[in-house]
Amino acid sequence: KKIRVTPKKKKIMPANLKTASFPIVGIGASAGGLEAYQELLKNLSAKPGMAFVFIMHLAPGHRSMLTELLARLTKMPVREIKNGMLIEVNHVYIKPPDTNLSIASGKLILSKRNDRNFKHMPIDWFFRSLAEEQGNRGIGVILSGTATDGTLGAEAIKAEGGIVFAQDEKSAKYDGMPQSVIAAGCVDFVLSPKKIASELERIAKHPLI
């Protein structure tokens, strides 16, 4: 008796499918934030099971040495972002100066700042796209800095069920940015950079992340 084999139907992937199978951590900082990020990075293992995207406020036209500087502190590959770069687990990505950064379909997208009359809010810009792309797998971290960049983006991450960290007042050189996001009521953890690193590793190993 012949058995009729019917060809398998091609699966149609939904347009809004969250692309990365691992958590993506957006980390925002300005004044005093580099020291905080260095402390966080050196307390992460070589394979934490996440990808890290660092958004630092830098002056336009300023050549960033962040990639070289941070590569000394971790065994993870550290890359300055190029437009269209595919995000990979256990990698660190650095946003270049004077750009906006977003994420779509697992790729990091750079764009030029269009209107210089408005205040540049690169952390909000990236966090919003991270919330849309990753849903409840998105994680935002706000380190030392002045003003309020990151607060609206953190609210977007929380609205999608993601997790938000803020650096504590005691360890932050400038607590304007962390305190702004705390006051907005969308922070899950208020910790030192070293403890943020430890909590991120714990979260990555949790089966429900």
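The following exchange between a trainee and a mentor goes through helix packing, salt bridges and single residues in a predicted model.

Trainee: How many helices and how many strands are there in the chain?

Mentor: The model is a predicted one, and its chain has 209 residues, of which buried residues make up 48%. Among contacts between residues at least 6 apart in sequence, 71% join residues at least 24 apart. As for the elements themselves, the count comes to six helices and 10 strands.

Trainee: At what angle do helix α1 and helix α6 pack, and are they parallel or oblique to each other?

Mentor: Helix α1 covers residues 33–42 and helix α6 covers residues 193–205, and their axes lie 8 Å apart. The crossing of the two is right-handed. The angle is about 40°, and because angles under 35 degrees count as roughly parallel, the pair α1 and α6 is classed as oblique.

Trainee: Which residues make the contact of α1 with α6, and how do they divide into nonpolar, polar and charged?

Mentor: From α1 the contact takes Ala36, Glu39 and Leu40, while α6 brings Pro193, Lys194, Ile196 and Ala197. Sorted by class, these residues are five nonpolar, no polar and two charged.

Trainee: Glu39 is in helix α1; with which residue does its side chain meet in a salt bridge?

Mentor: Side chains of opposite charge can pair when their charged atoms come close. Glu39 is partly exposed, because its relative accessibility is 27%. Its partner also lies in helix α1, three residues apart from it, which is about one turn of the helix. The N to O distance is 3.4 Å, and the partner is Lys42.

Trainee: Which residue meets Glu35 in a salt bridge, and how many residues apart are the two?

Mentor: A search of the whole structure finds five salt bridges, and one of them joins the side chains of Glu35 and Lys173, at 3.8 Å from N to O. Glu35 sits in helix α1, whereas Lys173 sits in the loop between β9 (163–167) and α5 (176–183). Glu35 is partly exposed at 42% relative accessibility, and Lys173 is exposed at 57%. The partner asked for is therefore Lys173, and the pair links distant parts of the chain, 138 residues apart.

Trainee: In the salt bridge of Glu199 and Arg202, is Glu199 buried or exposed?

Mentor: Both residues lie in helix α6, three residues apart, and their side chains meet at 2.6 Å, N to O. Arg202 has 47% relative accessibility and counts as partly exposed. Glu199 has 15%, and because buried means under 20%, Glu199 is classed as buried.

Trainee: Are α3 and α4 parallel or oblique to each other, and how many residues of their contact are nonpolar?

Mentor: Helix α3 (residues 122–134) and helix α4 (residues 151–159) pack at about 10°, with their axes 7 Å apart, so the two are roughly parallel. In the contact, α3 places Asp124, Phe127, Arg128, Leu130 and Ala131 against Thr151, Leu152, Gly153, Ala154, Ala156 and Ile157 of α4. Two of these residues are polar and two are charged, and the nonpolar ones number seven.

Trainee: Where is Ile139 found, and what is its relative accessibility?

Mentor: Ile139 is in strand β8, which spans residues 138–142. Leaving out residues up to four places away in sequence, Ile139 touches several residues, among them Val25, Met50, Phe165 and Leu200. Gly26 is 113 residues from Ile139 in sequence, yet their C-alpha atoms are 6.2 Å apart. Ile139 counts as buried, and its relative accessibility is 0%.

Trainee: Which residues is Ser192 in contact with, leaving aside its neighbours within four places in sequence?

Mentor: Ser192 belongs to the loop between β10 (189–191) and α6, and it is buried at a relative accessible area of 17%. With those neighbours set aside, its contacts are Asp168 and Ser171.

Trainee: What phi values do Ser105 and Ala147 have?

Mentor: Ser105 lies in the loop between β6 (99–104) and β7 (107–112) and is exposed at 55%, whereas Ala147 is in the loop between β8 and α4 and is partly exposed at 36%. Neither is a glycine, yet each has a positive phi, for Ser105 about 55° and for Ala147 about 70°.

Methods:
Residues numbered from 1 in each chain as written. Predicted model: local features only at pLDDT ≥ 70, side-chain atom pairs only at ≥ 80, totals over all residues. Heavy atoms only, no water. Axes fitted to C-alpha atoms, helices over the stretch in contact; angles between N-to-C directions. Helix = DSSP H or I, 4+ residues; strand = E, 2+ residues; numbered from the N terminus. Parallel < 35°, antiparallel > 145°, perpendicular 65-115°, else oblique. Left-handed = near helix turned anticlockwise from the far one by under 90°. Contact = heavy atoms within 4.5 Å. Nonpolar A, V, L, I, M, F, W, Y, C, P; charged D, E, K, R; others polar. Salt bridge = Lys/Arg side-chain N within 4 Å of Asp/Glu carboxyl O. Buried < 20%, exposed > 50% of the residue type's maximum accessible area, 1.4 Å probe, protein only.
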